[in-house]
Amino acid sequence: MKKIDRQINHVVFQPTFGNRPNQYIGRDRVIEQFIMGLQEPIGSRNRCSLFLGQRGMGKTALLLELSDRAVKLGYVVARVTAHEGMAQAIIEQFQLNGSTFFKDDKRQLTGMAAGALGFSFGLTFSDVTERQYGFRSKMSLLCDKLAEKDKGALILIDEVRTSAAMREVASAYQELVGDGKNIAIAMAGLPHAVSSVLNDTVLTFLNRASRVELGLISTNLIRAYYERAFKGIGIKISDEYLDRAALATHGFPYLMQLIGYYLIQYTPDGGTVDAVIMDKAERSSMGDMENNVFKPILNPLSDNDKFFLRAMAKHGDTVSTAKLKVAMGKRGPALQPYRKRLLESGVIEAPRRGELIFAVPYLAEYLLQE
Ligand SMILES: Nc1ncnc2c1ncn2[C@@H]1O[C@H](COP(=O)(O)OP(=O)(O)O)[C@@H](O)[C@H]1O
Ligand SMILES: [Mg+2]
């Protein structure tokens, strides 16, 4: 009887947010487009990308994957979560991650000459630069310095939203591009990160970025991954249950991690996945989905928003707007504003004209039983 290494489970499946997955599944086209962008001339649209998706859709995991790919293509990467101090954090990340390329630079602090270049040694700024220069100038110096080693600069911003700090980074990026620096930027955030009615420079910047709405990943790829992972960990599972497990994820990355994780946790040593284990794993996964995905999505919505969503949920997976109008009746709120807002906030999607679907699997079921 083979003992299942439950310690390994925590490595193979990690149902948490913001971690680097043990294996990155799917999204080939998104990654390819980004990689191609890095090879395009400075300033082209694909060198400034914005990835949008609900919680658990894999935004952070995508940025981590893109970071790895970019490093291989000769980029130094600064990855930050949007916050007020992010400009400084970006500088520090470049200094930290770029320093390995300047290890052998023997030139030490030699007074004026070195100071004139803005650096004391390596990627460390001279005192004057440190004190007197702002984000844009420091970035300009860093870009030049990295270019000496044939390196480009890639900024990754997670949980992007409009803010003063974002405005500073956005305008600096545009100016650096104007100066011909080898710089690129990729940002990720919730769908409504750019749906604000505010009309400011940040929004203009975000709206000009090459925009990708992250969708579900292929359940075929998930099935193949489950098969490999379970085999590797010593769990037996029939084709039927492999199918069921993969389909149960609906291609939602967080749910893929959850179901994989619980299947392994609930299967005894040397055991085989059966109906009882499968049911239990699905139930536990739904509990986590409820707390970590459904509730955070629904909490900020108004009662009327939820009224609209419940009316939608009653009609199954795809609802026509015409049917919805009838369902909501005369006493219901006017359809259009809610439809628009919920589309903008990424809770629902319109795959075709006049049709609506839920953006996250099982949200409809949850709404009906809530
Ligand atoms: N393409 C993927 N392949 C494998 N695991 C993924 C993938 N995308 C996301 N995950 C995993 O799903 C979970 C949620 O992803 P995360 O990137 O944190 O979502 P988000 O940032 O959109 O809220 C994490 O455990 C992450 O490792
Ligand atoms: Mg995230």
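The following exercises, each with a worked solution, concern a predicted model of one protein chain with a ligand.

**Exercise 1. Overall description**

Task: State how many helices and strands the chain has, and what share of its residues is buried.

Solution. Begin with the secondary structure: the chain has 17 helices and 10 strands. Next, consider burial: of the 370 residues in the chain, 38% are buried. For the overall dimensions, the C-alpha trace spans about 75 × 65 × 30 Å along its principal axes. Finally, examine the contacts with a separation of 6 or more: 71% of them are made by residues 24 or more positions apart.

**Exercise 2. Domains and the ligand**

Task: Determine where ligand 1 lies with respect to the domains, and which residues are closest to it.

Solution. First list the domains: the assignment gives domain 1 (28-213), domain 2 (218-298) and domain 3 (303-369). Then turn to the shell of ligand 1, which holds 22 residues, with Pro21, Gly58, Lys59, Thr60 and Pro253 the closest. Two elements contribute two or more residues each to this shell, namely helix 3 (59-72) and helix 12 (253-266). By residue class, the shell contains 9 nonpolar, 10 polar and 3 charged residues. The last step is the location: domain 1 and domain 2 both give residues to the shell, so ligand 1 lies between them.

**Exercise 3. Domain 1 and domain 3**

Task: Describe the contact between domain 1 and domain 3.

Solution. Start from the distance: taken over C-alpha atoms, the centres of domain 1 and domain 3 are 38 Å apart. The two domains nevertheless touch, with 6 residues of domain 1 in contact with 5 residues of domain 3. On the domain 1 side, the residues that touch domain 3 comprise 3 nonpolar, 3 polar and no charged.

**Exercise 4. An enclosed strand**

Task: Explain why strand 1 (residues 48-52) is described as largely enclosed.

Solution. Consider the faces one at a time. Cys48, Leu50 and Leu52 lie on one side and are buried, and Ser49 and Phe51 on the other side are buried as well. Because 5 of the 5 residues of strand 1 are buried, the strand is largely enclosed by the rest of the structure.

Now identify the pairing partners. Strand 6 (residues 183-189) runs parallel to strand 1 and is joined to it by 5 bridges. Strand 7 (residues 210-213) is also parallel to strand 1, with 4 bridges. Phe51 illustrates both pairings: its bridge partner in strand 6 is Ala188, and in strand 7 it stands opposite Val212.

**Exercise 5. The three-stranded sheet**

Task: Establish the strand order of the open sheet that contains strand 10, and work out which residues of strand 10 are buried.

Solution. The order of this open sheet of 3 strands is 8-10-9, with antiparallel pairing. Strand 8 and strand 9 are the edge strands, since each pairs on one side only.

Take the pairing with strand 8 (residues 318-320) first: 3 bridges join it to strand 10. Within this pair, Val319 stands opposite Leu356, and Ser320 opposite Glu355.

On the other side, strand 9 (residues 348-349) pairs with strand 10 over 2 bridges, and Glu349 has Ile357 as its bridge partner. Strand 9 and strand 10 also form a hairpin with 5 residues between them, and Gly354 in the turn has a positive phi of about 80°.

For burial, recall that in a regular strand the side chains alternate between the two faces of the sheet. In strand 10 (residues 355-358), Leu356 and Phe358 point to one face and are buried, whereas Glu355 and Ile357 point to the other and are not.

**Exercise 6. Nonpolar cores**

Task: Identify the residues with the most contacts inside the largest nonpolar core, and the helix that gives the most to this core.

Solution. The largest core has 57 residues, and the most contacts inside it belong to Ile90, Ala153, Leu156 and Val169. Helix 8 (residues 164-178) gives the most to this core, namely 7 residues.

Ala153 can then be examined on its own. Leaving aside residues up to four places away in sequence, Ala153 touches Tyr75, Val76, Phe94, Leu142, Cys143, Leu146, Asn182 and Ile183.

To complete the solution, note a second, separate core of 50 residues, which includes Val12, Phe13, Val347 and Leu356. Leu356 is also one of the buried residues of strand 10.

Methods: Residues are numbered from 1 along each chain as its sequence is written. Chains are lettered from A and ligands numbered from 1 in the order in which they are written. This is a predicted model: local features need pLDDT of at least 70, side-chain atom pairs count only at pLDDT 80 or more; totals for chains, interfaces and linings use all residues. A residue is near a molecule or strand if its C-beta atom, placed from the backbone, lies within 6 Å of it. Ala, Val, Leu, Ile, Met, Phe, Trp, Tyr, Cys and Pro count as nonpolar, Asp, Glu, Lys and Arg as charged, and the others, Gly among them, as polar. Domain bounds come from an automatic or database domain assignment. Two residues are in contact if their C-beta atoms, placed from the backbone, lie within 7 Å. A residue is buried if 20 or more other C-beta atoms lie within 10 Å of its own, exposed if 12 or fewer, and partly exposed in between; C-beta atoms are placed from the backbone. Two strands pair if DSSP finds at least two bridges between them. A nonpolar core is a set of buried Ala, Val, Leu, Ile, Met, Phe, Trp, Tyr and Cys residues joined through C-beta atoms within 7 Å.
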